[in-house]
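Biologist: Could you take one part of this model and look at it closely for me? I would like a connected account, residue by residue where that helps.

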Amino acid sequence: MHLKRVAIAIVLIFITLGLVPILMVVSQWSANEQAYGISSNDSEQLSFSWQGVDKHIHHFPVSSVGYTYLFMGFLSCSEICPIRIQQMMQLEQHIQQDALLTGAEVQFMFVTIDPNNDTLAVRKSIIDDISPRFVSASLSDDALQQLDRRLSENINLELASINHVGKLFLLSPNGAVKRIYTSQQLSTQKMLLELKQIISSET
């Protein structure tokens, strides 16, 4: 009886050891299938008017623009904003070098939450002059508040230093939020791979 229990225990150990690699493979496969950024269930498109450095009023979305990476921030920020701007620059460089994406319609939009200090000249030199894919936008107070509420950026202009969340949003051509990238998702390589997957799945 004792030997039978030992034999059963040994068999169970071998079965368990054999399952571990299988479970690891399944887990890795499942992780690869998941989105890197946070998927949004909000299918309602963003819609707002904005002023560019050309002093003209534009409307978002514009179907000819294609996909848009949108970031709300301010240019005197010393924390998340420089990281996000650098991140968008890296994405744009990767897109230019990628044979599958170089012809894709992808725009990078910086929406200032501090228009009094982010003047047209400052925005042009820091954002718009980076590349034709980059635009900076200034919104009316009402439009900025509405966009803030939709995207839950939690902008607070009442503190000594402006406070906001600093998320990066990937928007589809119709203005719907496809992905949300928080401070936990900073890999431009993974974001680029996700952009390819999204574009290929919708074309």
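Modeller: Let me begin with helix H5, which covers residues 188-201 and so has 14 residues by DSSP. From its first C-alpha to its last, H5 reaches 20 Å, close to the 20 Å expected at 1.5 Å a residue. This is a predicted model, and what follows describes the coordinates of that prediction.

The buried residues of H5 are Thr188, Met191, Leu192, Glu194, Leu195, Ile198 and Ile199. Seen down the axis of H5, these buried residues fall within an arc of 160 degrees, so they line one face of the helix. As for what this face meets, the buried residues of H5 pack against E4, helix H2 (80-97), strand E5 (106-112), E7 and strand E8 (177-181).

Thr188, found in helix H5, allows a closer view of the packing. Thr188 has a relative accessibility of 10% and, because buried means under 20%, it counts as buried. Leaving aside its neighbours within four places in sequence, Thr188 is in contact with Gln87, Gln90, Leu91 and His94. The C-alpha atom of Thr188 is separated by 8.3 Å from that of Met88, although the two residues lie 100 residues apart along the chain.

Two of the strands that H5 packs against, E4 and E7, also lead to loops with local backbone features that deserve a look. Strand E4 spans residues 67-73, and the loop between strand E3 (57-60) and E4 is the place of Pro61. The peptide bond that joins Phe60 and Pro61 is cis, with an omega of about 5 degrees.

Strand E7 (168-171) is linked to helix H4 (141-151) by a loop in which Ser152 has its place, and Asn154 is found in the loop between H4 and E7 as well. Phi of Ser152 is near 55 degrees, a positive value in a residue other than glycine; for Asn154, which is not glycine either, phi is likewise positive and near 55 degrees. As to their surroundings, Ser152 counts as partly exposed at 38% relative accessibility, whereas Asn154 has a relative accessible area of 53% and is exposed, because the cut-off for that class is over 50%.

To return to the helix, the picture of H5 is of one face lined by its buried residues, with Thr188 among them, and with E4 and E7 among the elements that those residues pack against.

Technical notes. Residues numbered from 1 in each chain as written. Predicted model: local features only at pLDDT ≥ 70, side-chain atom pairs only at ≥ 80, totals over all residues. Heavy atoms only, no water. Helix = DSSP H or I, 4+ residues; strand = E, 2+ residues; numbered from the N terminus. Buried < 20%, exposed > 50% of the residue type's maximum accessible area, 1.4 Å probe, protein only. Expected span 1.5 Å × (residues − 1). Arc of directions from axis to C-beta. Contact = heavy atoms within 4.5 Å.
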